[in-house]
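Take a look at the sequence and the 3D structure of this protein. What can be read from its helices, its core and a few single residues?

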Amino acid sequence: MNQGRPREFDIDRALEAATGQFWAVGYEATSLTDLLRVMKLSKSSLYQTFGSKQALFIKCLGHYQQSMTDKLLQQLARSASPKEFLHHFLQEVVAEAGGRATKKGCFLVNSANELSQRDSEVRQAVATGSAQMSKVFRRAFEQAIALGEMAAPASLDAVVDYFVIAVSGLRTMVKAGMRKEDLLPVIELIMRTVE
């Protein structure tokens with residue numbers, strides 16, 4: 001039985017390229033031509049491998065979430081302390097405000113703002129991605145509390161939710177053009193609030 005021609009491209013690399021494209025300009029502003037160019041694929045290869053543009057977008061959200069979760073877990077493991085990890089993460093978010101490059105923000109937050117109100121699949125993918133990253137932050141808070149770096153709150157769930165919402169707000173303000181020097185005091189306020 002004919003199995004067809006083997007794939008002649010790296011799926012992960014193609015997915016990474018598509019993620020970068022969607023992240024930079026959003027779902028609606030990304031054309032099929034843009035995707036074919038950055039992924040270096042033919043139209044038939046794209047559709048055979050990923051299905052539709054929307055199906056590819058959902059896969060990109062999953063890819064981004066997994067990459068970010070893995071990166072955060074590695075950073076937490078390497079940090080001198082879990083509290084330092086949380087502080088450093090906020091500093092990284094705000095650092096983008098000081099650069100000359102286009103402010104991309106967070107792919108999950110961008111996608112939520114663009115599509116979640118009208119696309120249930122995107123809404124679910126964003127919720128899944130946010131939940132996975134929240135687990136990393138929760139682990140950091142639990143470790144910080146166990147080490148005595150932070151006091152045990154009445155509701156750890158509320159603290160984690162607050163931190164995630166604060167990060168989303170910071171990312172949005174960075175993308176909106178707020179200056180780094182104006183955001184740095186906000187970081188310190190967030191850290192004092194979660195202590």
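This report goes from the overall layout to helix pairs, then to the core and to single residues.

## Overall layout

The model is predicted. The protein has nine helices and zero strands. Read from the N terminus, the order of elements is α-α-α-α-α-α-α-α-α. Along the principal axes, the C-alpha atoms fill a box of roughly 65 × 40 × 30 Å. The chain has 195 residues, and 38% of them count as buried.

How do contacts spread along the sequence? Take the contacts with a separation of 6 or more. Residues 24 or more positions apart account for 68% of these.

## Two helix pairs

Helix 4 packs against helix 1 and against helix 6. The table sets out the two pairs.

| Helix pair | Axis distance | Angle |
|---|---|---|
| Helix 1 and helix 4 | within 9 Å | roughly 95° |
| Helix 4 and helix 6 | 10 Å | about 145° |

Start with the pair formed by helix 1 (residues 11-25) and helix 4 (residues 53-78). Their axes cross at roughly 95°. An angle from 65 to 115 degrees counts as roughly perpendicular, so helix 1 and helix 4 are roughly perpendicular to each other. Which residues make the contact? Helix 1 contributes Asp12, Leu15, Glu16, Ala18, Thr19, Phe22 and Trp23. Helix 4 contributes Lys53, Leu56, Phe57, Lys59, Cys60, His63 and Tyr64. By type, the residues of this contact are eight nonpolar, two polar and four charged.

Now turn to helix 4 and helix 6. Their axes lie 10 Å apart, at an angle of about 145°. From helix 4 come Phe57, Cys60, Leu61 and Tyr64. They meet Phe107, Leu108, Ser111 and Leu115 of helix 6. Here the division is seven nonpolar, one polar and no charged.

## The nonpolar core

In soluble globular proteins, nonpolar side chains tend to be buried together. In this model, the largest nonpolar core holds 55 residues. Which members touch the most other members? They are Met39, Leu56, Leu86, Phe141 and Phe163. Helix 7 (residues 120-146) gives the largest share of this core, with nine residues.

Leu86 is a good one to follow. Leave out residues up to four places away in sequence, and Leu86 touches Phe137, Ala140, Phe141, Met150, Phe163 and Met191. Leu56 also appears in the contact between helix 1 and helix 4.

## Three buried residues

Val174 sits in helix 8 (residues 156-175). Is Val174 buried or exposed? Its relative accessible area is 1%, and buried means under 20%, so Val174 is buried. Beyond its neighbours within four places in sequence, Val174 is in contact with Val93, Val94, Glu96, Ala97, Lys103 and Leu183. For a sense of scale, take Val174 and Leu46. These two are 128 residues apart along the chain. Their C-alpha atoms are separated by 33 Å.

Ser134 is found in helix 7. Ser134 counts as buried because its relative accessibility is 16%. Not counting residues up to four places away in sequence, Ser134 touches Val160 and Val164.

Asn110 has its place in helix 6 (residues 107-115). With a relative accessible area of 14%, Asn110 is buried too. A polar atom of the Asn110 side chain lies 2.6 Å from the backbone oxygen of Lys104. Leaving aside neighbours within four places in sequence, Asn110 is in contact with Trp23, Lys104, Gly105 and Lys175. Trp23 also takes part in the contact of helix 1 with helix 4.

## Around helix 2

Leu36 lies in helix 2 (residues 32-39). Which residues does Leu36 touch, not counting those up to four places away in sequence? They are Leu41, Ser42, Lys43 and Leu46. Leu36 and Tyr47 are 11 residues apart along the chain, and their C-alpha atoms are separated by 10 Å.

Lys40 follows in the loop between helix 2 and helix 3 (43-50). Although Lys40 is not a glycine, it has a positive phi of about 60°. Is Lys40 buried or exposed? Its relative accessible area is 71%, and exposed means over 50%, so Lys40 is exposed.

Note on methods: Residues are numbered from 1 along each chain as its sequence is written. This is a predicted model: local features need pLDDT of at least 70, side-chain atom pairs count only at pLDDT 80 or more; totals for chains, interfaces and linings use all residues. Side-chain values use heavy atoms; hydrogens and water are left out. Axes are lines fitted to C-alpha atoms, for helices over the stretch in contact, and angles run from 0 to 180 degrees between N-to-C directions. Helices (H or I, at least four residues) and strands (E, at least two) are DSSP runs, numbered from the N terminus. Angles under 35 degrees count as roughly parallel, over 145 as roughly antiparallel, 65 to 115 as roughly perpendicular and the rest as oblique. Contact means heavy atoms within 4.5 Å. Ala, Val, Leu, Ile, Met, Phe, Trp, Tyr, Cys and Pro count as nonpolar, Asp, Glu, Lys and Arg as charged, and the others, Gly among them, as polar. Buried means under 20% relative accessible area, exposed over 50%, partly exposed in between (1.4 Å probe, protein chains only). A polar contact is a pair of N or O atoms within 3.5 Å; within protein, one must be able to donate a hydrogen and the other to accept it, and residues adjacent in sequence count only if both atoms are side-chain atoms. A nonpolar core is a set of buried Ala, Val, Leu, Ile, Met, Phe, Trp, Tyr and Cys residues joined through side-chain atoms within 4.5 Å.
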